[in-house]
Every structure is written in structure tokens, then in C-alpha cells.
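Student: Could we go through this structure together, asking at each step how a label is justified?

Tutor: Yes, let us look at the model and take the labels one by one.

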Amino acid sequence: MISAYKVNKSFGKLKVLNDVSFTCNSGQCIALIGPNGCGKTTFIKCVLGMVVPDAGTITVMGKDVASGWQYRSEVGYMPQVGRYPENMQIGQVIEMLTDIRQSHKTIDDDLISAFALKALYHKRMRTLSGGTMQKVSAAIAFLFGASVLILDEPTAGLDPVASEILKEKVLAEKERGKLILITSHILSELDELISDIVYMQDGSILLYKTLYALKEETGETKLSRAIAHIMTNKPS
Amino acid sequence: MIKIIKYILLDILRNKMVLGYAVFLFAITFTVFSLEDSTLKGLLSMLNLVLFIVPLVSVIFSTIYVYNSSEFIELLVSQPLKRSRIWLSIFVGLAGALSLAFFAGAGLPMLFYEPSPTGLMLLLMGFLISVIFVAIAMLAAVHTRDKAKGIGFAILLWIYFSLLFDGLVLFLLFQFADYPLEKAMIGISALNPIDLGRILVLLKMDVSALMGYTGAVFKEFYGTDKGLIVSLSVMVLWIALPLLYSLKKFNRKDL
């Protein structure tokens with residue numbers, strides 16, 4: 001579904017992505033983890049066409065990201081920090097996006113009702129708290145029944161109830177055979193969700209394994225311990 | 001694309017500044033024509049106003065708008081929309097809103113007082129200059145990430161076109177007073193859309209005699225239909241070139 005080949009990106013002198021190559025398919029739920037500033041968000045933004053790579057190609061569902069834009073109708077994206085037009089109300093933003101995407105599929109408003117967002121529809125975006133903003137972002141990402149879901153630190157800022165609701169939703173979508181890409185620093189919550197793991201450092205992918213294989217190899221039962229094991233005995 | 005333009009237009013018109021701009025233009029135009037007993041004098045005052053205030057408001061408002069809607073742009077870019085369509089929609093939205101404000105504010109009273117060819121030419125120039133400076137503002141805004149720098153750059157461009165350019169031309173004329181520069185002046189005037197607008201309106205007013213021999217050369221060139229077509233095409237180029245360049249930049253921009 002998504003495949004990247006030798007993607008490079010620098011911001012000025014800083015090399016953010018260094019020959020990143022990566023392939024994944026539907027039905028996978030992949031955790032993209034790594035220290036701060038290792039290029040996770042940049043990579044995600046490259047997939048979405050928000051950041052233009054210096055070199056390399058990315059294809060989503062067989063279509064080149066650089067030349068096409070239609071593929072984005074199959075991508076649901078939840079940004080790390082949601083940025084929305086400040087003067088618009090929640091309801092207006094959702095209505096506008098529905099209007100723009102003209103999704104022929106049915107609208108999936110599970111999260112809107114689960115987060116009880118309808119009651120907040122008249123609130124302006126600039127008055128929202130960080131958590132409510134995250135709820136709106138999550139609801140929008142799942143709204144159009146996209147077959148690729150990209151969630152950038154989805155549970156950061158959400159209260160326990162909301163993050164539980166979101167996890168349930170991710171699991172349900174995974175069962176439906178969608179490709180889900182999650183970045184997070186909270187490894188304990190990833191344990192139950194993911195099937196594969198990608199570990200990035202300094203703009204390169206150091207490791208790409210199934211969760212099962214990783215646990216097997218390190219002899220740990222918890223993801224956080226397995227990752228700690230890897231980080232301390234880095235493969236040279 | 002029409003949908004995005006609709007949302008952008010709605011967003012701009014919700015902004016009180018465009019409304020204020022229209023009211024301001026309306027008040028000034030009305031006052032100018034009621035104060036002057038000869039409409040020619042009124043038109044001259046309007047000309048200076050249109051050539052000074054319209055580009056200023058156009059360039060500053062557009063730059064600020066593009067910076068302030070960075071969230072909106074980011075949101076749209078992650079949606080299944082072509083980047084160039086987003087950028088062109090912003091351009092059409094801004095140009096549409098500002099020319100609408102210009103027509104409502106300055107156009108209506110002018111059509112009421114002075115529905116002559118000169119008045120219409122002045123309206124056309126005001127419209128073209130509004131659009132040209134939207135394009136220039138978008139170029140300034142896409143060029144720098146920093147808002148303060150971008151707005152400064154836009155203001156600098158306005159100062160250059162409305163003040164510095166004339167000074168430079170004057171300097172050139174004095175330095176090379178011994179040479180016949182009249183023909184070259186036609187080419188040089190095309191380098192500044194504001195000057196081009198001024199010349200076209202002045203020629204319609206038949207006061208070109210005031211401009212001396214250069215005025216006669218201008219009249220000979222710009223006064224003909226061919227000259228008019230050439231100068232209007234130059235104005236269109238002034239819209240297209242900055243817009244296309246900013247579009248190219250925006251398509252490669254990291255958000």
C-alpha cells in the first residue's frame with residue numbers, strides 16, 4: 001500500500017531522512033517509533049505530500065505521491081498538533097471537509113458520536129483545548145472510511161476515556177483490513193494494537209520487524225522492554 | 001476548485017477589513033467628486049488615490065491573509081486536492097474580494113459621477129492593479145517562512161513601485177539628459193504596473209501635453225489601439241509572472 005524507496009530530505013544542513021526505504025501492506029498495523037527528531041513526522045508528511053522529498057520516491061496504493069493527489073482520498077491523517085482555521089466552528093470544519101472530499105463512501109461518524117462532538121459543533125477552533133482538538137483531528141481522520149490511516153501521536157493529550165475509545169476504533173479498523181501507521185512514545189498502549197514495528201533513528205530505519213519476531217528475539221514479553229533491549233544493544 | 005474559492009471568499013468577506021476598505025474608498029470617492037466642481041480634477045485626485053492606496057491595501061492585506069491562513073492551507077494540502085488548485089483558489093479568492101471591494105467602493109460613485117471613457121479606464125486600472133498586487137503579495141508570502149519578514153518584503157515592494165521607481169527614472173533622465181531617451185522611456189514604463197496605469201489614464205484625459213516631449217511619444221505609442229493592447233498585455237504579464245513563479249514555489253514548499 002505504501003512503499004518508499006531511498007527517500008532523502010534535508011532541512012538546510014540538517015539531514016532528516018537518510019535513504020529511507022520501506023514497504024507495508026493492508027492489514028498491517030505499524031508502530032513508527034524512535035527518539036524525538038528522528039524523522040517520524042517528516043516521513044509521514046512526505047507520504048501525505050506535505051513535505052517534498054529531495055530524492056527518492058514514495059507510492060501509496062501504487063500511485064506516485066509526487067505527481068498524484070487523488071490517492072489522498074484513501075488516506076486519513078491525524079496530525080500531531082491539529083491546526084485548523086481559527087475562526088471556524090468545529091461543525092463548519094467537518095462540513096467543509098465533507099464537502100471537499102465528496103466521499104462516495106458512507107461517512108463514518110463513530111468517533112463523532114463516541115466523543116460527543118456534536119454538542120461542541122458551535123465552538124470556534126481557537127477556543128478548543130488541546131484534548132478536544134485531538135478529538136476533532138481523530139474524528140476527521142476516520143470520517144471518510146479511508147483505507148490507509150496515519151496517526152501521529154494519537155493519544156497525546158487525550159484523557160484515558162477518550163484514548164480508550166480511540167484504541168477501540170483503531171482495533172476495529174485493523175480488523176477490517178486497513179493499513180494503520182501510528183507513531184507514539186507511549187509503548188505500553190501500542191502493545192495491544194500493532195502487528196509490526198519500525199524503529200527509526202537519525203533519519204534511518206534501524207529495524208523493521210513483526211512484533212512477534214521482536215519479542216521472540218529479545219526474549220521479552222513487553223514491547224517497552226523489547227525496545228529498551230534494542231536501544232541498549234544497538235545492532236551495529 | 002469552485003468549492004475552495006467559495007470557502008476562501010466567505011472567509012475573506014467575514015473579515016471586517018475588506019468591508020472597511022470598501023467603505024473608505026466609497027467615502028473618499030464621494031467626497032472627492034462632491035468637492036471638486038470639475039470632474040476632471042476629481043478624476044485626477046482619484047487617479048492618485050487609486051495608484052497609491054489600492055496597491056498598498058492589496059499587497060498588505062493579501063500577504064497577511066496568506067500568512068494567517070497557513071493552518072487552512074495545511075489542512076487543505078492533506079486533503080485530496082491538487083496543490084496548484086489550492087494556491088490558485090486563494091489567488092482568485094483574494095483578487096475577487098479585493099476587486100469587489102474596489103468596484104463597490106470606488107466604482108459605483110465613479111460610474112455615477114463620471115461614466116466617461118476616462119472613468120472606465122481608471123476603474124479598469126484600479127482592478128488590474130488590485131489583482132497585480134495580490135499576485136506580488138503571494139510571491140512575497142511564499143518566499144519567506146517568517147511572517148514579519150514577508151510583510152516587510154511586501155511593503156518594500158510597494159514602496160519600490162510607488163515611490164522609488166519614479167525617483168530612479170528621474171535620476172536616469174537627468175543623468176542621460178543629452179541622449180534621446182523618449183523611446184526608451186516606453187520600455188522602462190512597462191517595468192512598473194503603477195506607472196503604466198498612470199500613463200494610460202492620463203492619456204485618456206488628454207493632459208499628456210503636460211508631460212512634454214515624452215508625453216507626445218507616449219501618446220503616439222500608447223494612444224493607439226495597438227499600444228493599448230500591448231500595455232494591457234504587459235499588465236496581464238504582471239499578474240501572470242509573479243503568480244506562476246509563486247505557484248512553482250508553493251508546489252515545492254514544505255508545510
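Student: What makes A:Asp19 count as partly exposed?

Tutor: This is a predicted model, and in it A:Asp19 has 15 C-beta neighbours inside 10 Å. A residue is buried with 20 or more such neighbours and exposed with 12 or fewer, so A:Asp19, with 15, is called partly exposed.

Student: Where does A:Asp19 lie in chain A, and what is its phi near?

Tutor: A:Asp19 belongs to strand β2, which covers residues 14–24 of chain A. The phi of A:Asp19 is near 50°, a positive value in a residue that is not glycine.

Student: Why is a positive phi worth pointing out in a residue other than glycine?

Tutor: It is worth pointing out because most residues other than glycine have a negative phi. A:Asp202 also has a positive phi, near 50°, and A:Asp202 is found in the loop between β9 (196–201) and β10 (204–210) of chain A.

Student: Why is A:Asp202 called partly exposed?

Tutor: Within 10 Å of A:Asp202 there are 14 other C-beta atoms, and since this count falls between the limits of 12 for exposed and 20 for buried, A:Asp202 is partly exposed.

Student: How do you know whether the radius of gyration of chain A agrees with that of a compact globule?

Tutor: For 236 residues, a compact globule would have a radius of gyration near 18 Å, and chain A has 18 Å, so the value agrees. Along its principal axes, the C-alpha trace of chain A spans about 55 × 40 × 35 Å.

Notes
Residues are numbered from 1 along each chain as its sequence is written. Chains are lettered from A and ligands numbered from 1 in the order in which they are written. This is a predicted model: local features need pLDDT of at least 70, side-chain atom pairs count only at pLDDT 80 or more; totals for chains, interfaces and linings use all residues. Helices (H or I, at least four residues) and strands (E, at least two) are DSSP runs, numbered from the N terminus. The radius of gyration is taken over C-alpha atoms; the globule rule is 2.2 Å times the number of residues to the power 0.38.
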